[in-house]
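Trainee: Please walk me through this model, first as a whole and then with a close look at the part held by its ion pairs.

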Amino acid sequence: MNIPVTDLSVRLWPKSRPLVARLSFENRSTVVARAAPAGTLRKGILFVSEGRSELAQERVTEVRKQHPGLRVVELRTSDPLNTAGEIHRAINSISLADAVVDVTAFRREELLMLLEVLRGVDGSKRRNCELVYVSAGKMADPLSGKVTQCRSVVGYAGEIWPTRPTRLVVLMGFEIPRARAIIEAYEPRYLVLGRGLRSESINPELSENNDNFFKELMSNYSNVEKTFEFSARDPWAVAAELERSIPRSERSNIVIAPLHTKLSTIGVGLYAQAHRDVQVCYAEVGAYNEEAYSTVGSSAYVLSLTQIFKQRGP
């Protein structure tokens, strides 16, 4: 469901509900929490980075002042096993019934870990739970610094055989260097490139930038086997498109790199959860363009967690 950001208070907070959110240096990371009337959020978790910047700490202070009852859980972003463990312990320590899970500022790696943990929670304990994503308005160029490491996401290691060729599927986003780093790290025999659907783009300007990045990447590699388009906002449409677009007639190591929106990343997670032989990878960067990373968009997306995990065909 797509709603105006200005309607978040009425849509999400007519009553007190638990909140799970990830705070970062982005102003977008505070929008959902700030939409709740002061003092109404007495239960919930705020995930934050260990060793966070001054700007990120300002966001934490801002939300804690409005909702002092929320518990802060620190994530060591350079240690994926620690991060996965902290997310698992925190999520399983609270009731997710009727909860709001704000996925806006989770790093893609963390979001995939969160999705895996949420799937493992009994359905009766996460009834009426909703995921919320606040769209971006404008985004910086560049978004981040150099890639420091490429790795598989904890819980999505797949099955990698040294005797099989690698087929790398890249859902192109807004960072050419990040995409190139992943391609160079995996050295795939086959490269499958996806771009966000123009008709379903969250932001027309971002869609045009994405198209330019896609064309540039296409021209740089001779092993592009196939291209496809995917939704920027419908996770199940993304999973269904991957079912159609990833060749599986021959045995290969399939690796997917989600580099687009958080909603499309959830779609990659759903596909990988249905195909445990598939690996999902993540490119860690050394720094982000904090001051100009993004602005708050006009739309927010609300998804039922029960519906997300409900099996649907391609």
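Trainee: How much accessible surface does the protein have, and what share of that surface belongs to carbon and sulfur atoms? After that, please concentrate on the salt bridges.

Mentor: This is a predicted model, in which local features need pLDDT of at least 70 and side-chain atom pairs count only at pLDDT 80 or more, whereas totals for chains, interfaces and linings use all residues. Residues are numbered from 1 along each chain as its sequence is written, and side-chain values use heavy atoms, with hydrogens and water left out.

The accessible surface comes to about 13,500 Å², and carbon and sulfur atoms hold 48% of that surface (areas by the Shrake-Rupley method with a 1.4 Å probe, where for residues only the protein chains shown count as cover). The protein contains ten helices and 13 strands, these being DSSP runs numbered from the N terminus, with H or I of at least four residues for a helix and E of at least two for a strand. Its radius of gyration is 19 Å, close to the 20 Å that the globule rule gives for 314 residues, so the protein is as compact as a globular protein of that length (the radius is taken over C-alpha atoms, and the rule is 2.2 Å times the number of residues to the power 0.38). The C-alpha trace spans about 55 × 40 × 35 Å along the principal axes. Of the 314 residues, 57% count as buried, where buried means under 20% relative accessible area, exposed over 50%, and partly exposed in between, with a 1.4 Å probe and protein chains only. Among contacts (heavy atoms within 4.5 Å) with a separation of 6 or more, 84% come from residues 24 or more positions apart.

Turning to charge, there are 41 positive and 36 negative side chains, and the centres of the two sets lie 5 Å apart; here Lys and Arg count as positive and Asp and Glu as negative, without His and the chain ends, and each charge is placed at NZ of Lys, CZ of Arg, CG of Asp or CD of Glu. A search of the whole structure finds 23 salt bridges, each a side-chain nitrogen of Lys or Arg within 4 Å of a carboxyl oxygen of Asp or Glu.

One of them joins Arg17 to Asp98, with 3.7 Å between the closest N and O atoms. That pair links distant parts of the chain, since Arg17 sits in the loop between α1 (8-12) and β2 (19-22) and Asp98 in the loop between α4 (80-91) and β5 (100-102), 81 residues apart. Arg17 counts as buried because its relative accessibility is 7%.

A second salt bridge connects Arg22 and Glu110, whose closest N and O atoms are 2.9 Å apart. Arg22 belongs to strand β2 and Glu110 to helix α5 (residues 108-120), so this pair ties together parts that are 88 residues apart in sequence. With a relative accessible area of 2%, Arg22 is buried, and Glu110 is buried at 0% relative accessibility.

Helix α5 also supplies Glu109, which is 42 residues away in sequence from Arg151 in strand β7 (residues 147-152). These two form a salt bridge with closest N and O atoms 2.8 Å apart, and both Arg151 and Glu109 are buried. Through shared partners, salt bridges join Arg22, Arg107, Glu109, Glu110, Arg151 and Glu284 into one network.

Further along in sequence from Arg22, Ser24 and Phe25 are both in contact with Ala56, neighbours within four places in sequence being left aside. Ala56 is in helix α3 (residues 54-66) and is buried at 7% relative accessibility; its C-alpha lies 4.9 Å from that of Ser24, although the two are 32 residues apart in sequence. Glu26, for its part, is 267 residues from Tyr293 in sequence and 7.1 Å from it in space, C-alpha to C-alpha. Tyr293 is found in the loop between β12 (279-285) and β13 (294-304), and it counts as buried at 12% relative accessibility.

Two residues in loops deserve a look for their backbone. Most residues other than glycine have a negative phi. Asn128, in the loop between α5 and β6 (130-139), has a positive phi near 60 degrees and is exposed at 54% relative accessibility. Glu187, in the loop between α6 (176-186) and β9 (190-196), has a positive phi near 45 degrees and is exposed at 65% relative accessibility.
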